[in-house]
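Hi,

Here is the structure I promised to pass on. Have a look at it first, and then read my notes below.

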Amino acid sequence: MLALSFIRDHPELVREGARRKGETAPVDQILALDAERRRLVGEEERLRSEQRARSAEIGRSARAGAAPPPAVTAELTTLRGRVGELESRRQAADQELDRLLLEVPNVPHPSVPDGVGDADNAVVRRGGVPRAFDFPPRTHYDLGEALGIFDFERAVKIAGSRFALLRGAGARLERALAAFMLDVATRRHGYVEVSPPYIVHRACMVGTANLPKFEADAFHVAEGDRFLIPTAEVPVTNLYRDEILDGDALPIRHVAWTPCWRSEAGAPGLDTRGYIRLHQFSKVELVAFTRPEASLDQLERLVEDAEAVLQALGLAYRVRLMCAGDMGFAQWKKYDLDVWAPGLGRFLEVSSCSCFGDFQARRANIRFRPAPGERPQFLHTLNGSALALPRTLDAVLETYQAADGSIAVPEVLRAYLHGEDRIA
RNA sequence: GGGGAGGUGGCUGAGUGGCCGAAAGCGCCCGCCUGCUAAGCGGGUGACGGGUUUCAAGCUCGUCCGAGGGUUCGAAUCCCUCCCUUCCCGCCA
């Protein structure tokens, strides 16, 4: 969320930021409620101060052996009632203010271009060269079903639509991809691997801003009011919730390979064919915690770290800077990485790398102490996929297919497959 | 699942109704001392919010001792509910 003081001091920036994202922010309501709250706080505290002082007076005379005069205690009882009444009004205002603050979207960074949708996103660079085929390339689902490495029908029998099942070499290939991605992140780029819980408290979902606005996108576990994670971003960002970290410890960079669950409530009819958009998929996720002044540089680095995987796999891709209108609620600045899928003949989004500024840190209360003795302040959070497994697998299948429908295993994955170099 | 113990500041930990935002120690900061480092000596050091202030500092008021409620003129302290940690027993991959 944004700081109340920021909204108070720059209401126009907040309105403008929301407008650029195509959203609305209840700025006027917040300002009015804030004024009301401060009035109540002042009055409450004045009475409370009086109450404390006079009670202390009784305490002092009690130590001297005097009984409290009934008239005074009666008066203080009345005072307690008035304080209580003001307190509950103030609490109601606090609660409503918190609720409204959670609904204010992050303001896009000035370097984020204007725009309303996909067409306005700017391609900042391309990597790799799309492979030239001397035969019509097939889709991953055609290839995969023929090879017996996808079993969509049985997955639907087990769990319903938008679930998939990998078999044999398909399951092994995905595991090899994940292991390779984890090694790139940990050994080459220095991320610390974590294996977090896949079910989290509501507070974690609020911390990363998946709630309260987007509850319909999540799978809710009734037991204990918890949620299946939609991305490792949620448990990993919340690792340091309610903590004050040592400034010397920053940046902290983690990587996690986890399953992700999404209801895909807003996408009926989209990508229903193939191994593209599922209720459950796995993803290798990078998460970083930085000092405020370092976060935008860290974002560039995060993107490069994700690109490194695509480069090593020999896949063609592009990097796009998302326009304001295509950004999420919580993001300050965001890049997408899209891999070229020659069978489908289109790009597939395999990574989304975002910097949140202190938006998540404020919600999750993650702070750091810049130097010993200094006041704690909110740090900046970032995350990005490196990469989503299903679509990366799709791109590998489609890119490395042979005319006979077999798949060449990319060089870098062979060590993870005990030398297997072809899926046939 | 059954029974016991416990949750206090960055950390350890004292505190059973007012003199407690909280002893002591550690850590950290400033100064002194020392050829440097360490040791030693002295002082300081929680978070959040309101007011004051051009900003900051400062001053001032309030809240916070796991969370929420209650009793009381007054609660870290007494009562209730919940959450969590830990130990023993049971069950279990």
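Before anything else, a cut-off you'll need: a residue is called buried under 20% relative accessible area and exposed over 50%, with partly exposed in between. With that in hand, take Asn-365, whose relative accessible area is 23%, so Asn-365 is partly exposed. Asn-365 sits in the loop between helix 11 (359-364) and strand 12 (366-369). Its phi is positive, near 55 degrees, even though the residue is not a glycine. For context, most residues other than glycine have a negative phi, and most peptide bonds are trans.

Do keep in mind that this is a predicted model.

**The overall picture**

Chain A has 424 residues, and 50% of them count as buried. You'll find twelve helices and 16 strands in chain A. Its C-alpha atoms fill a box of roughly 100 × 45 × 40 Å along the principal axes. The accessible surface of chain A is about 19,500 Å², with carbon and sulfur atoms making up 50% of that. If you take the contacts in chain A with a separation of 6 or more, 74% of them are between residues 24 or more positions apart.

**Around the RNA**

Which residues are closest to RNA strand B? They are Arg-48, Arg-52, Ser-55, Arg-63 and Arg-80, out of 22 residues that surround the strand. Of the atoms of RNA strand B that come within 4 Å of the protein, 70% belong to sugar and phosphate.

Helix 3 (27-63) and helix 4 (70-101) each give at least two residues to the surface near RNA strand B. Helix 3 has the largest share, with twelve residues. Sorted by class, that surface has ten charged, seven polar and five nonpolar residues.

Three arginines are worth a click:

- Arg-375 has a polar side-chain atom 3.1 Å from a phosphate oxygen of RNA strand B.
- Arg-38 also places a polar side-chain atom by a phosphate oxygen of the strand, at 3.3 Å.
- Arg-37 has a polar side-chain atom 3.4 Å from a sugar or linking oxygen of RNA strand B.

**Helix 5**

Next, go to helix 5, residues 140-147, where His-140, Tyr-141, Leu-143 and Gly-144 are buried. These four cover an arc of only 160 degrees around the axis, so they lie on the same side of helix 5. What covers them? Helix 6 (152-159), helix 12 (389-399) and strand 15 (407-408) are among the elements that cover the buried residues of helix 5. Right after the helix comes Gly-148, with a positive phi near 75 degrees.

**Two residues to look at closely**

Arg-318 is part of strand 9 (residues 317-321). Is Arg-318 buried or exposed? Its relative accessibility is 16%, so Arg-318 counts as buried. The side chain of Arg-318 makes a polar contact of 2.9 Å with that of Asp-338. Setting aside residues up to four places away in sequence, Arg-318 touches Val-123, Arg-125, Arg-126, Asp-336, Leu-337, Asp-338 and Phe-347.

Glu-103 belongs to the loop between helix 4 and strand 1 (122-127). At 27% relative accessibility, Glu-103 counts as partly exposed. Its C-alpha atom is 7.9 Å from that of Met-1, although the two residues are 102 residues apart along the chain. Beyond its neighbours within four places in sequence, Glu-103 is in contact with Thr-24, Pro-26, Lys-213 and Phe-329. The side chains of Glu-103 and Arg-99 are joined by a polar contact of 3.4 Å.

**Backbone details**

Where are the cis peptide bonds I noted? One joins Leu-211 and Pro-212, with omega about 5 degrees. Pro-212 is in the loop between helix 8 (202-207) and strand 4 (220-221). Another runs from Leu-250 to Pro-251, with omega near -5 degrees. Pro-251 is in the loop between strand 6 (243-246) and strand 7 (252-261).

Finally, Asp-242 has a positive phi near 60 degrees, and this residue is not a glycine either. Asp-242 lies in the loop between helix 9 (233-237) and strand 6. With a relative accessible area of 51%, Asp-242 is exposed.

Cheers

Conventions. Residues are numbered from 1 along each chain as its sequence is written. Chains are lettered from A and ligands numbered from 1 in the order in which they are written. This is a predicted model: local features need pLDDT of at least 70, side-chain atom pairs count only at pLDDT 80 or more; totals for chains, interfaces and linings use all residues. Side-chain values use heavy atoms; hydrogens and water are left out. Buried means under 20% relative accessible area, exposed over 50%, partly exposed in between (1.4 Å probe, protein chains only). The arc is that of the directions from the helix axis to the C-beta atoms. Contact means heavy atoms within 4.5 Å. A residue is near a molecule or strand if one of its heavy atoms lies within 4 Å of it. A polar contact is a pair of N or O atoms within 3.5 Å; within protein, one must be able to donate a hydrogen and the other to accept it, and residues adjacent in sequence count only if both atoms are side-chain atoms. Ala, Val, Leu, Ile, Met, Phe, Trp, Tyr, Cys and Pro count as nonpolar, Asp, Glu, Lys and Arg as charged, and the others, Gly among them, as polar. Accessible areas come from the Shrake-Rupley method with a 1.4 Å probe; for residues, only the protein chains shown count as cover.
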